[in-house]
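Please look at the structure shown below and keep it in view while you read, since the paragraphs that follow go through it one part at a time.

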Amino acid sequence: MGTITLKQVRKAFGDAVIIPGADLEIREGEFIVFVGPSGCGKSTLLRLIAGLEDVTSGSISIDGKDVTEAPPSERGLAMVFQSYALYPHMSVRDNIAFPLKMHKVPQGEIDAAVSKAAAKLNLTDYLERKPRQLSGGQRQRVAIGRAIVREPTAFLFDEPLSNLDAALRVNMRVEIMQMHEDMKATMIYVTHDQVEAMTMADRIVVLNRGHIEQVGSPLELYNKPNSLFVAGFIGSPKMNFVEGNTIGVRPEHIALSDKKGDWQGTVKLAEHLGSDTFLHIDGGARGQLTVRASGESNFGPGTKLWMTPEKDRIHRFNKEGRAIR
Amino acid sequence: MATSHSQSLGKWALAPSLAVLAGWAFVPLAIAIYFSFLRYNLQNDNTGWMGLSNFYYFFSDPYFLKDLINTILLVFFTLVISVVGGVFLALLLDQPFWGRGIVRILMISPFFIMPTVSSLVWKNLIMHPVFGLFAAIQKFFGAEQPLDWFASVPLLSVIIIVSWQWLPYATLILLTALQSLDEEQKDASEMDGAGAIAYFRYIVLPHLSRPITVVILIETIFLLNIFAEIKVTSAGGFAGNLTYLVFSQLNDANDIGEAAAGGLIAVVLANLVSYFLVRIVGKNLEA
């Protein structure tokens with residue numbers, strides 16, 4: 001249970017077309033990530049699946065059943081919001097119990113389900129507190145608790161980690177992945193952070209101005225981007241584009257030498273991360289290039305050096321920005 | 001930074017304003033207390049100490065009990081109408097519709113009209129038994145003898161006028177509060193399966209509990225002092241409240257001593273009411 005199919009889903013607000021027509025097949029138990037820059041329509045697509053927005057045309061089905069016209073509560077989905085959207089005047093217990101209460105579940109079952117969810121999320125000691133008395137990470141867990149009590153067919157996450165600090169974000173990322181591992185439920189996760197997308201996803205959907213640019217596993221997207229956009233969006237630091245955007249090489253696929261090579265350049269800046277060093281190199285006519293060197297690299301600013309891209313790691317693109325293979 | 005030096009300097013700098021403020025508040029009160037123990041009638045030269053007799057006369061005034069009840073009824077029903085109506089109107093005005101900006105301003109405007117003016121309009125143009133709008137409507141539906149509002153239902157008439165003035169205030173406060181309600185709360189409750197009524201009952205109403213408390217507390221303070229609406233509509237004989245009773249002691253009976261005693265009693269009653277109100281509904285204000 002938990003397959004979701006989008007057929008030619010279109011969304012427009014008046015004349016403004018947000019999503020011109022999306023086709024997507026989400027498999028059972030899959031962790032799928034919608035990624036793209038802000039304004040690319042990824043949140044809108046999620047809200048269309050949730051039923052919080054009506055589609056302009058096209059159809060959405062869940063487990064083979066057409067739910068295009070169904071209200072959110074009948075789709076059997078649960079959503080975790082960016083702001084968490086906890087009910088501020090309700091205790092943690094009442095927050096988690098709310099969806100069950102709305103679905104007229106008997107009180108005994110509600111209590112059992114809430115205790116179980118709270119135990120799973122380390123919230124047992126906080127059940128009587130109000131959301132404002134919790135830390136960011138705890139609020140996040142309450143939001144997840146409210147989602148899991150209903151045992152939905154699929155979970156929707158709308159940038160759930162963007163309000164957390166960096167360290168907590170890494171922890172919650174692992175917790176959500178662990179949750180997916182345990183529950184085997186379909187999860188759709190929206191983010192603008194390609195690192196989150198790469199680390200969490202079974203498959204990534206890259207969106208650009210409402211279009212689905214490419215769908216694939218993280219490594220597929222990394223190794224075989226279909227377009228200039230995907231190539232530039234996936235991978236950090238960004239892929240280098242040279243020769244009028246027809247050739248792309250990732251910073252980690254360029255060999256450096258102080259004696260000979262294909263391209264010559266001058267180091268402008270060296271970022272030392274310990275494990276790696278990112279060199280920002282002025283490549284003359286080729287423009288600014290980023291190259292990953294080893295952590296021990298001692299090319300300092302002003303050094304002249306030679307760069308050689310790995311032959312089978314070069315990406316070629318045509319004038320329309322499509323990949324040539 | 002607040003050093004002990006700057007703090008003591010601050011106290012000295014504040015002292016003059018505090019002294020003026022204290023004088024401003026306490027001198028009139030002290031004069032009223034002083035008068036309330038005097039035999040002080042403008043139609044009578046015979047002045048002197050009365051002890052507590054002024055208080056006794058005020059309490060035993062034939063109008064006292066009736067006016068006390070009127071005060072309570074006026075406050076209570078106006079609160080009910082303005083809070084319930086205010087929630088309803090705020091929900092309505094929060095919806096997107098064409099011309100919402102204009103409607104909102106029109107909605108708020110009764111609050112800016114002087115009570116004396118609006119009372120006159122209500123009395124002569126709307127509730128007048130011969131020329132009034134209500135009478136015209138009644139006649140249109142075939143009534144022989146339109147209702148003479150201020151003669152037949154004086155208290156109800158005053159309540160309608162006062163509610164008309166205070167409903168916009170409640171609406172304004174509640175509308176502002178509604179607009180601060182996070183949209184994602186609505187989305188979340190929809191995902192959780194809450195319909196429109198459950199959304200109102202479990203999300204909107206609790207969100208409004210604090211502004212409703214503010215509306216009740218502030219309106220109560222002002223509604224205890226309603227005077228112009230009663231005086232202008234000449235409804236005082238039947239719909240007078242305690243403020244009006246104090247006024248009639250002063251104006252009709254020229255009895256400054258008893259009016260001062262009545263004023264003090266009204267102050268004590270108002271404080272009692274506020275005290276219990278804060279105890280009952282003020283819990284909502286604690287963060």
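In this predicted model, a good place to begin is a pair of helices in chain B: helix 8 of chain B and helix 10 of chain B are roughly antiparallel to each other, because the angle between them is about 150° and angles over 145 degrees count as roughly antiparallel. Helix 8 of chain B covers residues 154–179 and helix 10 of chain B covers residues 196–223, and their axes lie 10 Å apart. The crossing of helix 8 of chain B with helix 10 of chain B is right-handed. Helix 8 of chain B contributes Val162(B), Trp166(B), Ala170(B), Ile173(B), Leu174(B) and Ala177(B) to this contact, while the residues from helix 10 of chain B include His207(B), Pro211(B) and Glu219(B). Sorted by character, the residues of this contact are 11 nonpolar, one polar and one charged.

Chain A offers a sheet to follow next. Strands of a sheet pair through backbone hydrogen bonds, either parallel or antiparallel. Here four strands of chain A form an open sheet in the order 2-1-4-5, with antiparallel pairing. Strand 2 (16–26) and strand 5 (65–66) of chain A are the edge strands, each of which pairs on one side only. Strand 5 of chain A is joined by two bridges to strand 4 (residues 57–62) of chain A, and the bridge partner of Ser61(A) in strand 5 of chain A is Asp66(A).

Finally, consider where the two chains meet: 15 residues of chain A are in contact with 13 residues of chain B. On the side of chain A that touches chain B, strand 6 (77–80) and helix 2 (92–102) of chain A each supply at least two residues, and the largest share, three residues, comes from helix 2 of chain A. The residues of this side of chain A divide into 11 nonpolar, four polar and no charged.

Note on methods. Residues numbered from 1 in each chain as written. Chains lettered and ligands numbered in written order. Predicted model: local features only at pLDDT ≥ 70, side-chain atom pairs only at ≥ 80, totals over all residues. Contact = placed C-beta atoms within 7 Å. Nonpolar A, V, L, I, M, F, W, Y, C, P; charged D, E, K, R; others polar. Axes fitted to C-alpha atoms, helices over the stretch in contact; angles between N-to-C directions. Parallel < 35°, antiparallel > 145°, perpendicular 65-115°, else oblique. Left-handed = near helix turned anticlockwise from the far one by under 90°. Pairing = 2+ DSSP bridges.
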